[in-house]
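Me: I would like a close look at one part of this chain, the six-stranded sheet and what packs against it. Please set that part in the context of the rest of the model.

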Amino acid sequence: MRKPANHKIAVSLAIAFGVAAPSWACEPGSGRPIRLVVSQQAGGSTDTLARMWAERVAREIGTTVLVENRAGAGGIIAAKYVLSQPADGCTLFLAGVSQMVLNKFTYKPLPYKPESDFVPVSMLATVPFVLVANPQTGFRTLKELTEAAKAKPDTINYSSSGNGNSTHLVVELLQKQLGIRLAHVPYRGEPDGLVSTVSGDTQVMAPVLSTALPQIKARKVVPLVLFASSRAPEMPDVPTAAEAGLKGFEDIGWSGIAARAGTPPAAIKTLHAASQKFLADEAVVAKLKAMQVMPMPGPSGKLMELTVRDTAKWQSAVGDLDLSAK
């Protein structure tokens, strides 16, 4: 098929004046927006992080960046949508540990392959988890919980946000390392699970710190151990998992930006550089920390490194548990 004459003229002018052809479809001046697809509903901390990133990156690279929420099926709907779009760098995926790792154990067969279907753009952040207990249990330390659980296996209940959720698996990993057995009570979401522990229907839970902190401050739950690399300023007396002798509990919950495999390297490079500037912005860092979200700057490949690392870690943790989504 012959190309129109005006196309030849445009190419000739570009060559004559040294203007390079667009290196990717959504670069400034293309008129095409970048879309960041988020697997959670609007309004939560993940959505807030996505919109902060979109606003800053749009300013940084001089183009429109839109956030598109496609919730459901543990992030599978969002992931499949991104993979159905052209690999041109115009449609990105907010990829978290659930979509890149945990879904492998919950949805079988998983209709996408995280390591080969996506390419990493940038890490964004990690969120700390905290093990909390109902005050009526009398537990004030992890040691006290451990002793009670060993004395009476399967009698202490713990709530979670659902079967196979990170709030479930972090306690499974904890039990493996401590040699204890607790009884799992899954709920439909993190708020419901925490309400259960506050009311005493369940005794312990491991929610993200941002969810638990108001109840901790109100003394409705007692923090036993923090799953993070350093202590939280709001709870200076609560030890980290490493300080309690546990391993592998740093960066339990994380998120980053991924694109469909085959995306032009120029797009990845530009978006990664813009993401690093976002994570280095003092105002952004302050706002994230106020949300109990810790920035994770670094090379784009870190996203896949964590995917591979955590797949092995959670495989060891879940063992032969039946986590299949019903």
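Reply: One caution comes before the sheet. This is a predicted model, and over residues 1-22 the pLDDT stays under 50. For that stretch the model has three contacts beyond four places in sequence. Across the chain the average pLDDT is 89, and 91% of the residues score at least 70.

The overall frame is as follows. The chain has 326 residues, of which 50% are buried. Its C-alpha trace spans about 85 × 40 × 30 Å along the principal axes. The secondary structure comes to twelve helices and eleven strands. Among contacts with a separation of 6 or more, 76% are between residues 24 or more positions apart.

Now the sheet you asked about. Six strands form an open sheet in the order β2-β1-β3-β10-β4-β11, and the pairing is mixed. The edges are β2 (65-69) and β11 (294-295); each has a single partner strand, so one side of each is left without a neighbour in the sheet.

At the β2 edge, β1 and β2 run parallel and are joined by five bridges. One of the facing pairs there is arginine 35 with leucine 66 in β2. Strand β1 is mostly covered, with four of its five residues buried. At the β11 edge, β4 (residues 118-127) pairs with β11 in the antiparallel sense over two bridges. Threonine 126 stands opposite methionine 294 of β11.

Helix α2 packs on this sheet, touching β1 (34-38), β2, β3, β4 and β10 (253-260). The direction of α2 makes about 160° with that of β2. Helix α2 covers residues 45-61, 17 residues in number, and reaches 24 Å from its first C-alpha to its last, close to the 24 Å expected at 1.5 Å a residue. Its buried residues are Asp47, Leu49, Ala50, Met52, Trp53, Ala54, Arg56, Val57, Ala58 and Ile61. That list holds charged residues such as Asp47 and Arg56 as well as nonpolar ones such as Leu49 and Val57. Glycine 62 follows α2 and has a positive phi, near 75°.

Trp53 also belongs to a nonpolar core of 33 residues, which includes Leu92, Ala259 and Leu279 as well. In soluble globular proteins, nonpolar side chains tend to be buried together.

Leu279 leads to helix α10, where Leu279 is among the buried residues. The others are Ala267, Ile268, Leu271, His272, Ala274, Ser275, Gln276 and Phe278. Helix α10 (residues 265-280) has 16 residues, which should span 22 Å at 1.5 Å a residue; its end C-alpha atoms are 23 Å apart, which agrees.

A loop residue touches part of α10 too. Glycine 89 lies in the loop between α3 (76-84) and β3 (91-96). Because its relative accessibility is 2%, glycine 89 counts as buried. Leaving out residues up to four places away in sequence, glycine 89 touches Trp24, Cys26, Ile34, Thr263, Pro264, Ala267 and Leu271. Glycine 89 and glycine 262 are 173 residues apart in sequence, yet their C-alpha atoms are 9.0 Å apart in space.

The rest of the chain holds another sheet, which helps to place the first. Five strands form this open sheet in the order β7-β6-β8-β5-β9, again with mixed pairing. Its edge strands are β7 (183-186) and β9 (222-227), each pairing on one side only. Strand β6 (residues 157-160) pairs with β7 in the parallel sense over four bridges, and serine 159 stands opposite valine 185 in β7. Helix α6 (residues 142-151) packs on this sheet, touching β5 (129-133), β8 (204-205) and β9, and its direction makes about 100° with that of β9. Helix α7 (residues 166-178) lies across β5, β6, β7 and β9, at about 145° to β6.

The largest nonpolar core has 56 residues, and the members that touch the most others are Phe118, Leu131, Phe227, Phe249, Trp254 and Trp314. Setting aside neighbours within four places in sequence, tryptophan 314 is in contact with Val97, Val101, Leu102, Phe105, Leu169, Val170, Leu173 and Ile252. The core of 33 residues that includes Trp53 is separate from this one.

How values were computed. Residues numbered from 1 in each chain as written. Predicted model: local features only at pLDDT ≥ 70, side-chain atom pairs only at ≥ 80, totals over all residues. Heavy atoms only, no water. pLDDT = per-residue confidence, 0-100. Contact = heavy atoms within 4.5 Å. Pairing = 2+ DSSP bridges. Axes fitted to C-alpha atoms, helices over the stretch in contact; angles between N-to-C directions. Buried < 20%, exposed > 50% of the residue type's maximum accessible area, 1.4 Å probe, protein only. Expected span 1.5 Å × (residues − 1). Core = buried A, V, L, I, M, F, W, Y, C linked by side-chain atoms within 4.5 Å.
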